[in-house]
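Subject: Structure for your review

Dear colleague,

I am passing on to you the structure shown below, together with an account of what was found in it. Please read the notes with the coordinates open.

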Amino acid sequence: MTITTGLLIDYPAALTPLVDLFETQWADWYNAQGASARADLSERARRNGLPLGLVALADGEVAGTCALTASSGGLVTERSPWLSGLVVLPQYRRRGAGRALLDRARSEARRLGYGRLHALTESATALFERAGWSRQEAAQINGVPHAIFTVTT
């Protein structure tokens, strides 16, 4: 299996499968609260600036996505930019798609002129650690423990 990554704007056919993934992964946000996964993803479809959407493909099929954003959902901080919305389809987890997205996000942050990139995660701490990110601190979001990671671009 070959994993590739790119800018979301260059893969318009990825939008519908990613909408489905967002609505499945974060049903409490996209269905219960009425937020639009399509609108969120469409806003990320750009070449420069934030938010900047990225997509991972496994042999040409959508495997996952993430974005560079100015802020992190649920956390008030002066830090920026953030890697946000990292999600990989279950069949591609632990097969390199998440790591490829982290590496591409780091590269894109550097291209955009940022010296550091931050991330907030509830469950992917091992992925960030394996990718060389440094755990900075712990945070509680709605009573759920999260870890804040940083990497030099």
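The findings follow, from the overall fold to individual residues.

**Overall architecture**

Please note that this is a predicted model. The protein chain contains five helices and seven strands. Read from the N terminus, these elements follow the order β-α-α-α-β-β-β-α-β-α-β-β. The radius of gyration is 14 Å, close to the 15 Å that the globule rule gives for 153 residues, and the protein chain is therefore as compact as a globular protein of that length. Along the principal axes, the C-alpha atoms occupy a box of roughly 35 × 35 × 30 Å.

Of the 153 residues, 44% count as buried. When contacts between residues at least 6 apart in sequence are considered, 59% of them join residues at least 24 apart. The accessible surface of the protein chain amounts to about 7800 Å², and carbon and sulfur atoms account for 46% of that surface.

**Charges and salt bridges**

The protein chain carries 16 positive and 14 negative side chains. The centres of these two sets are 7 Å apart. Side chains of opposite charge can pair when their charged atoms come close. In this model there are six salt bridges, and three of the pairs are described here.

The pair of arginine 47 and aspartate 10 forms a salt bridge with an N to O distance of 2.7 Å. This pair links distant parts of the chain, its members being 37 residues apart. Arginine 47 belongs to the loop between α3 (37-43) and β2 (52-58), while aspartate 10 belongs to the loop between β1 (3-7) and α1 (15-25). With a relative accessible area of 42%, arginine 47 is partly exposed. Aspartate 10 is also partly exposed, at 39% relative accessibility.

Arginine 135 is joined by a salt bridge to glutamate 129, with 2.7 Å between the closest N and O atoms. Arginine 135 is partly exposed at 48% relative accessibility, and glutamate 129 is partly exposed with a relative accessible area of 41%. Elsewhere, salt bridges that share partners join Arg104, Glu108 and Arg111 into one network.

Within that network, the side chains of glutamate 108 and arginine 111 meet at 2.6 Å, N to O. Both residues lie in helix α4 (residues 97-111), where they are three residues apart, about one turn of the helix. Is glutamate 108 buried or exposed? Glutamate 108 has a relative accessibility of 5% and therefore counts as buried, the cut-off for that class being under 20%. Its partner arginine 111, at 42% relative accessibility, counts as partly exposed.

**Backbone features**

Most residues other than glycine have a negative phi, and most peptide bonds are trans. The points below should be read against that background.

- Leucine 50 and proline 51 are joined by a cis peptide bond, with omega about 0°. Proline 51 is located in the loop between α3 and β2, and arginine 47 of the salt bridge to aspartate 10 is placed in the loop between α3 and β2 as well.
- A cis peptide bond also joins serine 80 and proline 81, again with omega about 0°. Proline 81 is found in the loop between β3 (61-69) and β4 (82-88).
- Aspartate 59 is not a glycine, but has a positive phi of about 50°. Aspartate 59 sits in the loop between β2 and β3 and is exposed, with a relative accessible area of 52%.
- Asparagine 142 has a phi near 50°, a positive value in a residue other than glycine. Asparagine 142 falls in the loop between β6 (134-141) and β7 (144-152), and its relative accessible area of 78% makes it exposed.

**One further position**

Glycine 96 lies in the loop between β4 and α4 and counts as partly exposed, at 32% relative accessibility. Glycine 96 and leucine 7 are 89 residues apart along the chain, and their C-alpha atoms are separated by 17 Å.

With kind regards

Conventions. Residues numbered from 1 in each chain as written. Predicted model: local features only at pLDDT ≥ 70, side-chain atom pairs only at ≥ 80, totals over all residues. Heavy atoms only, no water. Helix = DSSP H or I, 4+ residues; strand = E, 2+ residues; numbered from the N terminus. Rg over C-alpha atoms; globule rule 2.2 N^0.38 Å. Buried < 20%, exposed > 50% of the residue type's maximum accessible area, 1.4 Å probe, protein only. Contact = heavy atoms within 4.5 Å. Areas by Shrake-Rupley, 256 points an atom, 1.4 Å probe, with all protein chains shown as cover. Lys, Arg positive; Asp, Glu negative; His and termini not counted. Charge placed at Lys NZ, Arg CZ, Asp CG, Glu CD. Salt bridge = Lys/Arg side-chain N within 4 Å of Asp/Glu carboxyl O.
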